[in-house]
Amino acid sequence: MSRYPTLRSCGYELDRTIGTGGFGKVKLATHTLTGEKVAIKIMDKTKLGKDLPRVKLEISALKNLSHPNICKLYQVIETESHCYVVMEYCSGGELFDHIVEKSRLSEMESRMFFRQIISAVSYLHDNGYAHRDLKPENVLLDREQNLKIIDFGLCAKPQGGMDSLLLTSCGSPTYAAPELIQGVKYHGSEVDIWSMGVILYALLCGCLPFESDNIDELFKKILKGKYIEPGWLSSGSKRLLRRMLCVDPLKRIRISELINDPWISLGFGCPPSTTNHNVDRCKDIECLEVISQYCEIDKEIIWSRISKWKYDSETATYLLLLNKKKYGAPLVLKKKE
Ligand SMILES: [NH3+]CCCOc1cc(-c2cn[nH]c2)ccc1C(=O)Nc1ccccc1
């Protein structure tokens with residue numbers, strides 16, 4: 001008997017655990033109607049305590065965000081004891097494992113991945129959010145090696161917009177900016193740039209710029225901002241890393257400069273895309289037709305309910321059908337038993 005009967009009754013068949021985090025675990029599952037694989041983050045509300053508001057924050061952030069490099073939200077299921085967040089399954093796993101597998105990536109492959117991170121983070125910042133916990137474990141790959149940023153449990157939407165200061169110290173020290181670990185007031189956008197610098201270093205070098213088993217040693221290294229520049233790094237990548245891993249947040253490169261940095265456009269001839277994507281909120285007649293025939297309800301009535309974006313079972317079915325269409329899979333729903 002499944003430990004989570006709610007999920008089975010909501011149309012999901014659970015599979016193996018694919019991750020565990022501060023808030024609970026993430027399990028692979030199959031959406032019965034469409035046959036699509038999903039990742040379900042399972043949180044026990046009775047154990048979340050003071051972290052419950054962060055879960056609510058992550059869910060509301062994900063409901064407002066729609067970008068090809070941000071892990072999609074499909075459905076939120078809440079019971080008295082648990083919260084289930086149904087998300088996009090990223091079959092390529094963690095970027096971290098991809099780097100370890102290849103020991104380090106070529107400059108071109110690093111650039112291909114890093115441009116996608118820039119595109120997602122600039123979209124985040126433009127929408128008033130800072131992630132604040134960017135690290136290779138929170139960067140996944142889908143089946144086509146597109147990059148997907150996850151875990152918005154520490155994201156912030158400063159009340160006064162991205163120019164107002166934050167104070168909460170959060171995220172993983174290894175990737176955390178000097179001002180964040182010092183506990184001084186900081187701008188969310190600036191700490192994200194630092195973490196992106198740590199990720200770019202990991203892509204190009206196959207190791208981390210600041211590491212130590214001793215937390216005090218680690219803090220000292222971060223506050224000093226000194227790291228090894230392996231011989232294989234090009235002058236362009238060294239210059240960019242120095243501008244991102246700059247201890248003084250006021251002198252650190254800004255996202256607008258990063259987008260236009262020449263190293264980022266090398267071989268692409270143009271900066272990464274920063275346009276706002278809401279392709280998932282489009283009205284797709286084909287997908288509506290499939291749901292309409294299945295439910296025997298007029299497709300305009302179906303659309304009037306889906307376009308409220310309640311992230312209920314109808315939202316999940318529609319978004320998963322859109323996924324199937326994008327990958328050229330047949331648009332069918334499993335027959336009712
Ligand atoms: N560090 C990631 C482990 C948890 O994995 C996920 C988390 C989320 C997630 C968590 N919060 N928000 C989204 C969404 C998707 C996955 C996922 O697909 N993981 C995976 C897939 C294949 C192999 C290995 C791991």
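A nonpolar core is a set of buried Ala, Val, Leu, Ile, Met, Phe, Trp, Tyr and Cys residues joined through side-chain atoms within 4.5 Å. With that in hand, here are some exercises on this predicted model.

**Exercise 1. The core**

Find the residues that touch the most other members of the largest nonpolar core, and the helix that gives this core its largest share.

*Solution.* Start with the core itself, which holds 98 residues. The members touching the most others are Phe114, Met196, Leu258 and Tyr318. Next, look at where the members come from: helix H7 (residues 188-205) supplies the largest share, twelve residues. Now zoom in on Met196. Leaving aside residues up to four places away in sequence, Met196 touches Phe114, Ile117, Ile118, Val121, Leu134, Met244, Ile255 and Leu258. As background, nonpolar side chains tend to be buried together in soluble globular proteins.

**Exercise 2. The ligand site**

Work out which residues are closest to the ligand, and which polar contacts its nitrogen atoms make.

*Solution.* Begin with the shell: 17 residues surround the ligand, and the closest are Lys41, Met87, Cys90, Glu94 and Glu137. Then check for polar contacts, using the cut-off of 3.5 Å between N or O atoms.

- Glu94 places a polar side-chain atom 2.7 Å from a ligand nitrogen.
- Glu137 takes part through its backbone, with a polar atom 3.0 Å from a nitrogen of the ligand.
- Lys41 has a polar side-chain atom 3.1 Å from a ligand nitrogen.

Next comes the area: the ligand taken alone exposes 540 Å², of which the protein buries 87%. Finally, sort the shell by element: strand E1 (12-21), strand E3 (37-44), strand E5 (82-88) and strand E6 (93-94) each give two or more residues.

**Exercise 3. Salt bridges and their surroundings**

For the Glu109 pair and the Asp312 pair, give the partner and the N-to-O distance, and decide whether each residue is buried or partly exposed.

*Solution.* Take Glu109 to begin with. Its partner is Lys102, and the closest N and O atoms are 2.8 Å apart. Buried means under 20% relative accessible area. Glu109 has 16%, so it counts as buried. Lys102 has 40% and is therefore partly exposed.

Turn to Asp312. Its partner is Lys310, with the closest N and O atoms 4.0 Å apart. Asp312 is partly exposed because its relative accessibility is 22%, and Lys310 is also partly exposed, at 48%. Elsewhere, Arg239, Arg243, Glu257 and Asp261 are joined into one network by salt bridges that share partners.

For one more pair, look at Arg8 and Glu13, whose side chains form a salt bridge at 3.2 Å, N to O. Glu13 is partly exposed, at 34% relative accessibility. The total for the model is 26 salt bridges.

**Exercise 4. Two buried residues**

Locate His67 and Pro178, and describe the surroundings of each.

*Solution.* His67 sits in the loop between helix H3 (52-64) and strand E4 (73-78). With a relative accessible area of 2%, His67 counts as buried. A polar atom of the His67 side chain lies 2.9 Å from the backbone nitrogen of Asn69.

Pro178 belongs to helix H6 (residues 178-182). The relative accessibility of Pro178 is 1%, so this residue is buried. Its contacts, not counting residues up to four places away in sequence, are Trp194, Ile222, Leu223, Val247 and Arg252. As a last step, compare Pro178 with Leu140: they are 38 residues apart in sequence and 26 Å apart in space, C-alpha to C-alpha.

Technical notes:
Residues numbered from 1 in each chain as written. Predicted model: local features only at pLDDT ≥ 70, side-chain atom pairs only at ≥ 80, totals over all residues. Heavy atoms only, no water. Buried < 20%, exposed > 50% of the residue type's maximum accessible area, 1.4 Å probe, protein only. Helix = DSSP H or I, 4+ residues; strand = E, 2+ residues; numbered from the N terminus. Contact = heavy atoms within 4.5 Å. Polar contact = N/O pair within 3.5 Å; in protein donor to acceptor, adjacent residues only side chain to side chain. Near = heavy atom within 4 Å. Areas by Shrake-Rupley, 256 points an atom, 1.4 Å probe, with all protein chains shown as cover.
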